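Here is a friendly tour of some backbone details and of a chain contact. Have the viewer open as you read.

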Amino acid sequence: MIEVRGLTKYYGDHAAIRQLDFDIAQGEVIGFLGLNGAGKTTTLKILSCILLPTAGTVIVDGVDALSNPHEIRKRIGFLPDTPPLYNEMTVGEYLTFAARVRGVARKQTASAVAAAEEKTGLTHKHRELVGRLSHGYRQRVGVAQALVHNPSLLILDEPTSGLDPLQIVEMRNLIKGLRGQHTLLISSHILAEISQTCDRLLVIQAGEIVRQGTEEQLASSMGTRVEVEIDLEAESPAVLEKLRALPQVCSVVVDPQQNNLVRLVVTTEGDHRPTVVSAIVAAGGRIMRVERGRARLERIFLELTKKKEGGDGKEGQLS
Amino acid sequence: MSNVLTIAGRDLGAYFRTLSGYVIFALVLMIDGLLFNAFALGEPDRRSSEVLAKFFYFSSGTTMIASIMLSMRLLAEEKQTGTLVLLTSSPLRDRDIILGKYLSGFAFMSLMTLSTVYMPLLILVHGKISWGHLFSGYLGLLLLGGTTLAIGTLGSALARTQVLAAIISGVMVVLLLTCWLLTRVTDYPINEIVLELALYQRHFTSFTLGIVRVGDVLYYGMVSYVALFLAIRSLEARRWQ
C-alpha cells in the first residue's frame with residue numbers, strides 16, 4: 001500500500017531524516033518508534049503531504065505523493081500530536097467542516113459525520129463545544145476528523161500524548177476498534193501502547209530506520225535474554241548457588257528490599273521462568289513474587305537507541 | 001469554489017462566535033459615530049456633499065485599521081493553535097485556503113462598513129446628496145478595506161503570531177499610504193509612478209467626491225491580487241521548509 005524509498009529531509013544543513021526505506025501493507029497496524037527529535041513527525045508530515053521531502057519517493061496505492069499530493073490526501077487521515085481543533089465550534093459543526101474540506105460530498109456529509117462519531121464514541125457529544133471537552137474527548141475528536149472521510153491510511157502522531165491512564169485505555173480500545181477498517185501508522189514513544197496495538201514496528205533513531213519487523217523479530221535480532229524479578233522471603237546462599245549453576249542463567253543480581261525481602265534479578269538466555277522458579281523451590285527458597293523484568297519492547301528499544309547514540313540510551317525520555 | 005465557500009463560511013462564523021469580532025465591529029461603529037457627530041455634523045454650516053465627503057474620509061481610516069485587525073488572525077492564529085494542519089493535510093489547493101479566508105474577512109468587513117450607512121442616510125434625508133455619491137463612497141470604502149484586508153492576509157501568511165501579522169501588515173499599509181511623500185524629492189516620471197502607488201492620496205479621494213474612476217478600481221484590484229498571490233506563494237513555501 002505504501003512504498004517509501006530513499007526519503008530524506010534536510011532543514012538547512014541538518015538532516016531530519018536520511019534515506020528511509022520501508023513498506024506498509026494494506027490493513028497493517030504499524031508502530032513508529034523513536035525518541036523525541038528522531039524524525040518521526042517529519043516523516044509523518046511528509047507522508048501526509050504537509051511537507052515536501054528533499055529527496056526520495058512516497059507511493060501510496062500506486063500514486064506518487066510528490067506529483068499528485070491531492071489524490072494522496074484524499075486517502076490519508078492525519079492526527080498531529082496537537083489535535084487541530086476549533087474551540088468555538090461544536091463537535092458536529094467541526095466534523096462537518098472537516099468532512100467538507102477532506103472532500104466528502106455534501107449529501108454524504110451528515111452520514112460520514114455520524115459514522116465518525118460512532119467509531120470514536122462521540123455521538124452524545126455532537127452538540128457540545130469542542131473547547132469545553134476534556135483532553136480525552138478532544139483527542140477523540142482529533143481521531144474523528146482524521147477518519148471522517150473514511151481514508152484507507154490513518155496516521156496518528158502520539159495519540160495518547162497527555163492522556164491520563166483511563167483515557168489511555170479508552171484511546172487504546174478506540175485504536176483497536178479501527179483495526180481492520182484502516183491501515184494504521186501510529187507514532188509514539190509510549191512503548192506499552194505500541195506493544196499492545198501494533199503488528200509491526202519501525203524504529204527510527206537520529207533520522208534513520210535502525211530496525212523494522214514484528215516485536216518477535218526484533219527480539220530475536222537483539223538476542224533472547226530475558227530478565228525475571230523474583231522476591232524471596234529471605235536471602236538464601238543455597239538458592240543463589242543453585243541458580244548460578246543453571247546453564248540457562250547468565251547472571252543473578254541480589255537487591256535487598258524492606259521487611260527482610262530480597263529481590264533477585266535473574267537474566268536467562270531465553271524465557272526459562274519455570275526452570276528458575278523450580279530451582280529456587282528445590283533449594284528451599286520461599287517465593288513471594290515473580291515478574292518478568294523490564295518490558296521486552298522497552299529493552300529492545302533501549303538497546304537499539306544505545307547502539308545508535310553510542311551508549312546514551314536517554315532512558316529518561318521513555319514513558 | 002465549493003472549498004473556498006466552505007472555508008469562508010467557517011471563518012465568517014468564527015468572527016461571530018468569538019468576542020474579537022464583536023469588539024472590532026462595535027469599536028468601528030462607535031468611532032465612526034463619534035467622528036461623524038464631532039467633525040461632520042458638529043462644525044459650522046457646510047454643503048451636504050462636503051459633510052458626506054468628510055464622513056468617508058474618517059470612515060476610510062477606521063475601515064483600514066479594522067481590516068488589519070480582522071485579517072491578522074486569518075492564518076497566523078491557525079499557525080499558533082496548530083489548526084492549519086487540518087487544512088494543509090486536506091485535499092485543498094493553497095489558493096482555496098487563502099481565498100476562503102480572504103472572503104470571510106471581506107464579508108465581515110463589508111457588513112461592518114455597510115452598517116454605518118444610517119449616518120449618510122441622515123444626510124440624504126436632511127440634506128441634498130445623490131444616491132450616486134453615496135454609492136461611490138461606499139464602493140471606495142469597500143475597495144480600500146478589501147485591499148487592506150488582502151495586505152493583511154499576506155501579513156498573516158508571513159507571520160507566526162497575530163501580533164507580528166498586525167505589525168507587518170500595518171507597516172506595509174503605512175508605506176503605501178505615505179509613499180506619495182517621496183514625490184517631493186523625486187522628478188518626473190518617478191514621482192508620477194510613486195503617486196500612482198499611493199493607497200489613499202491618488203485613488204480614494206475621488207470616491208469621496210462621488211466620482212468612480214475605472215483606473216482607481218483597477219488599482220485596488222491589482223494591489224489586492226498581488227497581495228493575495230504573494231500570500232498563496234507564502235503558504236506554498238511552508239511545504240518546502
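## Backbone and interface notes

B:Pro189 sits in the loop that runs between α9 (162–178) and α10 (190–197) of chain B. Helices (H or I, at least four residues) and strands (E, at least two) are DSSP runs, numbered from the N terminus. The model is predicted: local features need pLDDT of at least 70, side-chain atom pairs count only at pLDDT 80 or more, and totals for chains, interfaces and linings use all residues. Residues are numbered from 1 along each chain as its sequence is written, while chains are lettered from A and ligands numbered from 1 in the order in which they are written.

The peptide bond leading from B:Tyr188 into B:Pro189 is cis, with omega near 5 degrees. Most peptide bonds are trans, and most residues other than glycine have a negative phi. Chain A offers two residues with positive phi, listed here with their loops.

| Residue | Phi | Loop in chain A |
|---|---|---|
| A:Asp61 | near 50 degrees | between β4 (55–60) and β5 (63–64) |
| A:Glu158 | near 50 degrees | between β7 (153–157) and α6 (165–178) |

A:Glu158 is buried because 21 C-beta neighbours lie inside 10 Å, whereas A:Asp61 has 13 other C-beta atoms within 10 Å and so is partly exposed. Buried means 20 or more other C-beta atoms within 10 Å of the residue's own, exposed 12 or fewer, and partly exposed in between, with C-beta atoms placed from the backbone.

Now to the chain contact. In chain B, 19 residues are in contact (C-beta atoms, placed from the backbone, within 7 Å) with 22 residues of chain A. On the side of chain B that touches chain A, α1 (2–17) and α5 (84–88) of chain B are the elements giving two or more residues. The largest share of that side, five residues, comes from α1(B).

How values were computed:
Two residues are in contact if their C-beta atoms, placed from the backbone, lie within 7 Å.
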